[in-house]
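Dear colleague,

I am passing on a structure that you have not met before, and below it you will find my notes on what was found in it. Please read them with the structure open beside you.

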Amino acid sequence: MSVGLYDKALLDKIKGWVKDDSMRITSPNETRRLFEYKADTENDAPIKLPLITLRRASQIEILNTNKKPLTYDGLTIKYKEENNTPTRGLILNAIPIDLNYQIDIYTRYFNEGDEYVRNFVFNLINYPTLLVELPYNNCKSIKEAHIRLLSTIEDNSDIPERIFAGEFTRFTLQIHVDDAYLYDCRAKDHVCIDEIQFQYD
């Protein structure tokens with residue numbers, strides 16, 4: 001599905017905000033693998049902090065299953081021309097979806113985490129545009145989406161994670177992608193009708 005494109009766009013955006021080389025940032029797929037196994041404290045080294053994990057909500061809701069113009073007629077985004085005549089086009093179809101993410105910020109100390117949260121809040125509110133590149137059929141089209149920070153920031157440091165040794169601080173931010181879509185981009189041939197001249201008596 002197209003949700004992986006939003007994962008990448010959001011991960012790239014977050015990486016652009018974090019200038020700390022010691023900060024590790026994981027994508028939704030990496031985060032899932034990170035927390036799926038149980039750490040063996042004798043053989044596995046503890047995960048290093050600070051750490052930012054990006055998670056996508058497990059449920060993705062299709063917002064409208066009724067046909068709309070962009071779901072079946074599509075939007076022509078690219079032409080291939082031969083002899084100055086359009087012969088083939090790329091048709092972009094889109095279906096709106098409800099897409100939500102969770103950002104967890106893990107740090108060793110409260111003050112460090114609090115500072116990261118402050119920076120994230122300002123960046124999420126002031127720079128909400130997400131650039132999503134569509135790779136389908138080599139169209140290279142860029143679509144804009146907008147992220148919105150939900151109003152509650154949670155300090156859930158008291159929730160234990162077995163893979164961490166010792167104490168840590170964890171802040172959780174929830175964000176929503178306001179205009180997310182499942183995209184489909186297909187090639188479509190264009191039919192040209194030769195001009196016919198009529199002669200009237």
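I begin with Leu130, which is buried, because its relative accessible area is 0%, and the cut-off for that word is anything under 20%. Please keep in mind from the outset that this is a predicted model, so that every value in this message has been computed from predicted coordinates.

Leu130 belongs to strand β6, and its surroundings bring together separate parts of the chain. Once the neighbours within four places in sequence are left aside, Leu130 is in contact with Tyr6, Ala9, Leu10 and Lys13, and also with Lys143, Glu144, Ala145 and Ile147. His146 is 16 residues away from Leu130 in sequence, while the C-alpha atoms of the two are 5.6 Å apart in space.

For orientation, the protein as a whole contains four helices and eight strands, and from the N terminus on these elements follow one another in the order α-β-α-β-β-α-β-β-α-β-β-β. Of its 201 residues, 35% count as buried, and the accessible surface comes to about 13200 Å², with 47% of that belonging to carbon and sulfur atoms. If one takes the contacts between residues at least 6 apart in sequence, 74% of them join residues that are at least 24 apart.

Two of the helices deserve a closer look. Helix α1 covers residues 3-17, and its 15 residues, at 1.5 Å a residue, should span 21 Å, which agrees with the 22 Å between its end C-alpha atoms. The buried residues of α1 include Tyr6, Ala9, Leu10 and Lys13, and these four residues are also among the contacts of Leu130. Others that are buried in α1 include Val3, Leu5, Ile14 and Trp17.

Helix α4 runs over residues 110-126, and for its 17 residues the expected span of 24 Å agrees with the 24 Å found between its end C-alpha atoms. Its buried residues are Gly113, Tyr116, Val117, Phe120, Val121, Asn123 and Leu124.

Which residues does Trp17 of helix α1 touch, if its neighbours within four places in sequence are left aside? The contacts are Phe120, Asn123, Leu124 and Tyr127, and of these Phe120, Asn123 and Leu124 are listed among the buried residues of α4. Trp17 and Asn123 are 106 residues apart along the chain, and yet their C-alpha atoms are separated by 7.7 Å.

Strand β5 covers residues 85-107, and Pro96 has its place there, as does Thr107. Thr107 is buried, because its relative accessible area is 0%, whereas Pro96 is partly exposed, because its value is 23%. Not counting residues up to four places away in sequence, Thr107 touches Leu49, Pro50, Glu112, Gly113, Tyr116, Phe168 and Thr169, and Gly113 and Tyr116 are buried residues of α4. The C-alpha atoms of Thr107 and Met23 are separated by 9.4 Å, with their positions 84 residues apart along the chain.

Pro96, with the neighbours within four places in sequence again left aside, is in contact with Glu61, Ile62, Leu63 and Asn64, and with Ala180 and Tyr181 as well. Of these partners, Asn64 is 32 residues from Pro96 in sequence, and the distance from C-alpha to C-alpha is 6.6 Å.

Finally, a word on the pockets. The largest pocket has a volume of about 150 Å³, and its lining is made up of Leu5, Lys8, Ala9, Asp12, Leu131, Val132 and Glu133. Helix α1 and strand β6 (129-134) each supply at least two residues of this lining, and α1 gives the most, with four residues. By kind, the lining divides into four nonpolar residues, no polar ones and three charged ones. Two of the lining residues, Leu5 and Ala9, are among the buried residues of α1, and Ala9 is in addition one of the contacts of Leu130, the residue with which these notes began.

With best regards

Definitions and conventions
Residues are numbered from 1 along each chain as its sequence is written. This is a predicted model: local features need pLDDT of at least 70, side-chain atom pairs count only at pLDDT 80 or more; totals for chains, interfaces and linings use all residues. Side-chain values use heavy atoms; hydrogens and water are left out. On a 1 Å grid over the protein atoms alone, a cavity is a set of points where a 1.4 Å probe fits but cannot get out, and a pocket is an open set with protein on both sides within 12 Å along at least five of seven lines; lining residues have an atom within 4 Å of a point. Grid points are joined across faces, edges and corners, and a volume is the space filled by probe spheres set on the points. Ala, Val, Leu, Ile, Met, Phe, Trp, Tyr, Cys and Pro count as nonpolar, Asp, Glu, Lys and Arg as charged, and the others, Gly among them, as polar. Buried means under 20% relative accessible area, exposed over 50%, partly exposed in between (1.4 Å probe, protein chains only). Contact means heavy atoms within 4.5 Å. Accessible areas come from the Shrake-Rupley method with a 1.4 Å probe; for residues, only the protein chains shown count as cover. The expected span of a helix is 1.5 Å times one less than its number of residues.
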